[in-house]
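The following questions and answers examine a predicted model. Please consult the sequence and structure shown here.

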Amino acid sequence: MKAYKQQFLDYWQQRTVREQRLLAAMAAVLGAAFLYLGVWEPANASLQRNRAAVARLQAEQGMVQALADEAAKLKRQPAQAPLPAKELMPLLQQTAKSQGLPGGIQFNPEGDSGVSMEGVMGFDDWVRFAGVLSAQQQVRVLNVKVEAQPVPGQVKIKALLAHAGAEA
C-alpha cells in the first residue's frame, strides 16, 4: 500500500500547479457524481418505493381494522334463531312497505325457512331494500334473478330470502 501511495505522490509532484488544480477539480467532480449516482439516487428511489408501500399498507390496515370492528360488532349481537317462512313474510312485507316498494310485490313461503319474492321495481330500490334487510333484519338473499324491463331502471326480481342462518 505504501508503494502505491509513494507512486501517487511522485506522479503528483511531477505535475504542474495548473495540472494539479485541474486533476483536483476533476476528482471533486467525479467524487460528487459518484456520491450522487451511487448513493443519493438509489437511496431516493428506495425512499419513494417505501413511501408508496407505506401508503398501500396503511390503506390495507384501515380496511382490516374496519373488518375487525364489524366482526366485533357482530360478535356482540346475540345469535338469533332463524324465523320460519310464515313469520318472516310479514317482516318482509312491512320492510318493503317502509322502503316504498310497489305494492305488486309477492312474497310466498319456500320450504320451512325461505321466502320467495317476485315483482317489478326500480333496480336502485331493490339494492336499497336488500341492504336494509341485511343490515337491520338479518335477512340474506340466497338467490336472485334480475331481468331488465322496457322502462329504464325497472327490473323484474325473483329472489329467495332467508332469515339469519336459515337454509331454504
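Q: Where does the largest pocket lie with respect to domain 1 (1–76) and domain 2 (85–163)?
A: Residues of domain 1 (1–76) and residues of domain 2 (85–163) both contribute to the lining of the largest pocket. The largest pocket therefore lies between them.

Q: Which helices each supply at least two residues of the lining of the largest pocket?
A: The lining consists of Glu-70, Lys-73, Leu-74, Gln-77, Ser-134, Ala-135, Gln-136 and Gln-138. At least two of the lining residues come from each of two helices, namely H2 (17–76) and H4 (123–137).

Q: How many polar residues are in the lining of the largest pocket?
A: The space in this pocket is about 200 Å³. By class, its lining has two nonpolar and two charged residues, and the polar residues number four.

Q: How far apart do the C-alpha centres of domain 1 and domain 2 lie?
A: The domain assignment places domain 1 at 1–76 and domain 2 at 85–163. Between their C-alpha centres the distance is 61 Å.

Q: At which residue does H2 bend?
A: H2 has 60 residues and spans 85 Å from its first C-alpha to its last, close to the expected 88 Å. A bend of about 30° is nevertheless present, with the proline Pro-42 following within four residues; the bend is at Trp-40.

Q: What percentage of residues 21–40 is helix?
A: UniProt, in an unreviewed entry, lists residues 21–40 as "transmembrane region". In the model, the end C-alpha atoms of this segment are 26 Å apart. Its strand content is 0%, and its helix content is 100%.

Note on methods. Residues numbered from 1 in each chain as written. Predicted model: local features only at pLDDT ≥ 70, side-chain atom pairs only at ≥ 80, totals over all residues. Heavy atoms only, no water. UniProt positions renumbered as here; feature names shortened; annotations may be inferred. Domains from an automatic or database assignment. 1 Å grid on protein atoms, 1.4 Å probe; cavity = no way out; pocket = protein on both sides within 12 Å on 5 of 7 lines; lining within 4 Å. Points joined across faces, edges and corners; volume = space filled by probe spheres on them. Nonpolar A, V, L, I, M, F, W, Y, C, P; charged D, E, K, R; others polar. Expected span 1.5 Å × (residues − 1). Bend = angle between axes of the 7 residues up to and from the residue.
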